[in-house]
Every structure is written in C-alpha cells, then in structure tokens.
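Got the viewer open? Here is a short tour, one selection at a time.

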Amino acid sequence: MKIAKLSLACAVALGIGSNFAQAEILEEAIKGVTVDGMLRYRFQSDNYQDMGGKAGIDNTNTTNQYRALANISTAPIKNVSAGVGILYINEGATTGTGTLGGGLGAGEDGDFGVNTFTLTYAPHNVTNTTVILGKQLLGTPVTDASDYDRAVGALVLNQDIKGLTLAGGAFGSWSLSNMAGYGGSILGTGFDSVNKGLFALAAIYGIPNLITAQLWWFNAQDISDTTLYANIAYDQNFGGAFGARVGVTYGLTKLNDGDKTALTQVGAYNTLLAGAGLPYGSVGLFSNQETDNDLLKINAGVTVGPAVLDVAYMMNTKPGYSVMFDDMGAMIDPVTMGQIWWQDASTRTSLGVGRRIISGTGGALGAGGGFAMPVIEGAEDSLSVITASIGAKNILNTGLGIHLTYVTGSSEYKKGTAHPYNGLLNSKREFQEITPLLNYQFSEKLSFQTFYAMLSTDITQEGNITSVNAPTTNTYTGQKITEKRNRYRFQALYKF
C-alpha cells in the first residue's frame, strides 16, 4: 500500500501540527513510502494423554494467539533506502489450563517493538547488487523468517548472472524464535539472542518452471563449525492442468565441541557434574556430545487439475540429525509433512540445533524440557520418516482447499558405552500423525485455515540410568508407554 500524502485533519489528530504549512512539509517527506504487513489471529488447543510418556499425566492447553506486523520502507534516494518493521506478538494470551488465564489475556499483554531496522544500498544502474545493513530477517533454509528469526549485521546479494544469485552474510548477533519463545528467554536469564558471529555464503540457480539448485554454508561461532544445506529440485507445470515435481535435500551440521560456549549456563551445569565425579566437566556447549549430524530428504509430487499429491522420505546417516538452526527450517513443510510430530517432546525429533541448546540447559540431560535428544558421545539417534499428503486447491474456483496428511516414523536412540552416566536410556519412539486441513481464501487479502492434528507416539525404553546425586542405578526393561496428542487450530490471516 502506498502512502501518497497525509491530510491536514490526520496531521492534527496525530498531534503533528496545526497549520497547513507543516502538513505540506510532512506530505512531501513521506511521498514514496510504502507499508505492508499482516494481522493474524489463532485459536489453538493441545490435548495430551500420558503426556511426555508418563502414565496418568493428562493436560489441555488452550491459547489465543495474536500477531500484527507493519513494514515501512522509503523510496530509494541515490540508490539508498531505509526500512523498519514494527511487530506485536502474544502467543499465549489466554490459557485454558485453570480458572485464571495466563498472559493477561484481556489486559495489556505481549511483545511490541522494532522487528527489523535496515539500510539498503542497491546501485542497480551499475550492478545488480544489493547490500542490506542492520537488523534483518534470516531468510535462509536453516532458519524461519516467517517466524521472525533475525540477525544484526550485513547481507550482500548479487544477481549479475542471469538465473544465479550469490549471497554472503556476516552477523554479530542472531536470534531464533523457537529458542527462547516469545515474551521469554532461555532459563529466564535474558538470552533472547546469541551474541556470537554468524557467517553465511550461498549460491542459488534457477530456470523458471523447470529446475532450481542451491548450496548454503554457515558458521555459527562456538555452536556450529560447519552447516551445509544443498537442494536440487525439478518442478514443472505443463499448461496448468498437470504438474510434476521431485527434489533431493541434504543437510549437514558439525557442532562445535570446544571449550567455549555461547550460553554459560551449560558450562556451569557441566562443572557441577564434574564436581560429582562424572565425566562432564568441560564448559563447551556440546562437549561430550556427538557433533556430527546429517539428514537426507527425498520428495516427489504431482498436480492434476486442482488435485495434489506429495510424498517424502527422511533419514540420517550420522549419529544425530540436528541439521537446521531452527526446527522450522526448509526441511519441513507442515501442510504436506505434518504439523506437530517434529516439535513434540515425546517424539524428540526436532531438526533444530536451537532445541538441542534448550535440552542441554533444562535439568539433567534428557530429563525433559527440550524437544531434541542431546546425542552423547558414543551414542546415536536414527531417524526414519515417511510422509504422504493428498488434497485439492481452489476447488471449483471457490477459494476452498483441503489436505489430508499422514506421517509414520521412528527415532531410535542408542546410548552406547562411552560413558557410565549419560542421563539417557536406550529408547525407540514410533509415531503416527494424521492431519486433515482446510484452507479458504475468502478474498485476495483475507484467508482462513483450520486443522486437527492427531499424533500417537509409542515410547519404549530400556537400559540402566545412574543417579547424579546418589550411587544408585535404576534398570528399565522394555518399558513402554503411549502418548496421544491432538492439536486443533483455527487461523484468520489478513495481509495488506
């Protein structure tokens, strides 16, 4: 939406000025300014039976979730433009877990502030290069820009070669939305961002309506020595009535197991273990963990008229599979690959390094609180997942779309024998998710979505676990429990 001018009446109402001359100056100043954004409301309810694999623990959590975003951009002046994003988020306005709602649902609540603040230099009259400086979204395949993963630094893009985009980024601090959550922080100690360097290089090549290929490299200081993301995809539409697609994606992460850490609490916790005579005294964030992670995804799909069919298979060959920074990276498409299995505490199948950081900081290793399994040195966690989705888009030109997604998978943790204590048991988590989903495009700007995700996880545990506080050992032999989790969501989204 373009803002061409601000009327005298509006200027007075905003308290900007009361004479016509001042209004004219303001009108001139904001010519060429553009505003876009969105308003989103979600009603969400999660219901658990035997939550976390613990018999008799049932729970229901219901929230009203609000988001509002406005991006304001100036017109380029001598190839330079500026932008600012204003964001409001409240992801837990009212809870249905007790008599009183959490988050002051009907009162003042949520986070409100500057989401992005950038200065852009784009001398496209000389070269098709763009330089973005400041606080910006991390639009990479291992992060989730739609959920406002951000970084502060510089990003350079070049498109001088037709079809090829080259990118390089250097950032002094960065933040994952799912690492600390909205309105909170890791351990409540203010770690809303990682104040360590993040560096990225990328090459992306595409031929419209045919093929795309991309390769990304990342280094996150003291967290990931190397993260690679590679994808090649064929996607072609034949005259609008028929389309075919197939893709191969591979992610690899080598975690840093050195003596330094971006989150000092983990080092302090490991020091306590060392004081108890246990072999975890290093201050490294991922010390005494297996650092090699990879994940392979193969996907295919066809479109026939309004009907769509998509299938995918995922597996790892390294000890772990935390290959993304954010668990909602490009490896997962929730509409066609499932809504909740990859973020559930019982399946423990998060693909995000951020979730492993939380797991490392929350109580004894593997005791809960995180959504990923910290893979201790000598151990391995093997993932195998098959997803299938069938649906239809814009049925009879009504704007109505439907999807039915089925997921079946397992993740098997073998703790190995490298250390007598690792806080974890051998375990196997076998899960299934069935999710019917309904979309409705009411107008060009307003859409609605609702789904009901049904997840069942069978958890089998066996082995010995030694207590940290006392020289006692508990033995588990084939202990099995099933968690059932259902999520209902209704969403209304308005874009402007």
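Start by selecting R67, which is buried at a relative accessible area of 5%; keep in mind that this is a predicted model. Now add D147: the two side chains meet in a salt bridge, 2.5 Å from N to O. R67 sits in strand β3 (residues 59-73), while D147 is in the loop between β6 (129-137) and β7 (150-158), so this pair links parts of the chain 80 residues apart. D147 is buried too, with a relative accessible area of 12%.

That was one of nine salt bridges in the structure. For another, pick D222 and K196, whose closest N and O atoms are 2.9 Å apart. Both are in loops: D222 between β10 (211-220) and β11 (224-238), K196 between α3 (177-180) and β9 (198-207). D222 counts as buried, at 10% relative accessibility.

Next, select D344 and R485, a salt bridge with its closest N and O atoms 2.9 Å apart. D344 lies in the loop between α5 (334-337) and α6 (353-361) and R485 in strand β19, so the bridge ties together parts 141 residues apart in sequence. Both residues are buried. Add D46 and R487 to your selection, and you have a network joined by salt bridges that share partners.

Now for the rings: there are eleven aromatic pairs here. Take F43 and Y488, a tilted pair at 6.3 Å centre to centre, with 55 degrees between the planes. F43 is in strand β2 (residues 33-49) and Y488 in strand β19 (residues 473-495), so the pair ties together parts 445 residues apart in sequence. F43 is partly exposed at 28%, and Y488 is partly exposed at 32%.

Last stop: select W174, W216, F218 and F325, a cluster linked by ring pairs.

Note on methods:
Residues are numbered from 1 along each chain as its sequence is written. This is a predicted model: local features need pLDDT of at least 70, side-chain atom pairs count only at pLDDT 80 or more; totals for chains, interfaces and linings use all residues. Side-chain values use heavy atoms; hydrogens and water are left out. Rings of Phe, Tyr and Trp (its six-membered ring) pair if their centres lie within 6.5 Å; planes under 30 degrees apart count as stacked, over 60 as edge-to-face and the rest as tilted. Helices (H or I, at least four residues) and strands (E, at least two) are DSSP runs, numbered from the N terminus. Buried means under 20% relative accessible area, exposed over 50%, partly exposed in between (1.4 Å probe, protein chains only). A salt bridge is a side-chain nitrogen of Lys or Arg within 4 Å of a carboxyl oxygen of Asp or Glu.
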